[in-house]
Amino acid sequence: MVRIPARSGRLRTHFGGDIKIIGTIFQLASKIEAAYFTFMKKVPALRIIILGSGTSAGVPMIGCHCPVCSSTDKRDQRTRCSILVSYNDKSVLVDTTPELRLQAVANHVDLIHAVVFTHGHADHIFGLDDVRRYNTLLGSPLPVYAADATMRTLQKAFSYAFIRQNETGVYRPELEPIIIDGPLDIFGVTWQPIALPHGRVSVLGFRIGNFAYCTDCADIPAASRAMLQNLDTLIIDALRPRPHPTHLSFSQALQIIDDLKPRRAYFTHLSHDARHADIERDLPPNVRVAYDGLILEILSATL
Ligand SMILES: [Zn+2]
Ligand SMILES: [Zn+2]
Ligand SMILES: [Zn+2]
């Protein structure tokens, strides 16, 4: 509580009084600024939850007892890659991993309003059936955004989920397919798709305001890099220290980060090759390693 002196409206004639008034004004300004940032933190422009940060096999891997798979550091337990993007009281799920139910319960994802897919690999789609719970909670079909090839994979694997339901009490997902063929407007915000090479498959990264998510890529080509300038936060594929034919290695990801110069970047889609703490020790301060449950708030997002 700032106490303003009774005679604060009048400048005193002696020097000490002026200093006191200036000090009081400064204190008040600092308190207003602190209150502003506290308020802003409660209502960030964009809120990202890392639901999963692991590679396709997950970490720990079945049947592996290496130091990373046996680590007691929670950040080394990496479920399959997915994020939740929230703004304007809406939440958009990016990919539906085989651990979707566990991720939703652990992170209190009580409702989502749409699903966006990066590509059709098993580790990114095979939890799709779990969204039926959100159909029940919403009481309506759920919009699902995917590129044409990914949508065909989804409709083949989950044909029953794309049928309009006329009966009640039938517990299966009800999805409304929307093909991505350019920038999307999802709940009043533009999602810019970004083409990324991933072996024989083309993956979509997404830019939302000054945040971007680029998982499952072996490179970011020049045309895509042009769409990733002036970022506040970039989440980027970084599988392991050694090169891999369809994913970026740590040093390749760092080179791209150095080129794009986001304010901060996070590695994702990690294998069991290195512990969280050991990877972070060798990274520059503006590059960190994502872990399951990490929340990123982007206060300055230009949506
Ligand atoms: Zn993947
Ligand atoms: Zn292992
Ligand atoms: Zn993939």
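Modeller: Before we start, two strands count as paired if DSSP finds at least two bridges between them. And keep in mind that this is a predicted model.

Biologist: Got it. So how many strands form the open sheet, and in what order?

Modeller: There are 7 strands, running β6-β5-β4-β3-β2-β1-β14. The pairing is mixed.

Biologist: Which are the edge strands?

Modeller: β6 (175–179) and β14 (295–298), and each of them pairs on one side only.

Biologist: And what does the twist average from one strand to the next?

Modeller: The average is 20°.

Biologist: Let's look at the β14 end. In what sense do β1 and β14 pair, parallel or antiparallel?

Modeller: Antiparallel, over 4 bridges, with β1 covering residues 46–52. If you want a spot to zoom in on, Arg47 faces Glu297 of β14 there.

Biologist: Nice. Over to the other end: in what sense do β5 and β6 pair, parallel or antiparallel?

Modeller: That pairing is parallel and extends over 5 bridges. Leu142 sits opposite Leu175 in β6.

Biologist: What about β4 and β5, over how many bridges do they pair?

Modeller: Over 2 bridges, in the parallel sense, and β4 is residues 114–116. Val115 is across from Val144 in β5.

Biologist: Why is β5 largely enclosed by the rest of the structure?

Modeller: Because 4 of its 5 residues, within the stretch 142–146, are buried. Buried here means that 20 or more other C-beta atoms lie within 10 Å of the residue's own.

Biologist: Great, I'll start my tour at β5, then!

How values were computed. Residues numbered from 1 in each chain as written. Chains lettered and ligands numbered in written order. Predicted model: local features only at pLDDT ≥ 70, side-chain atom pairs only at ≥ 80, totals over all residues. Axes fitted to C-alpha atoms, helices over the stretch in contact; angles between N-to-C directions. Buried ≥ 20, exposed ≤ 12 C-beta atoms within 10 Å, placed from the backbone.
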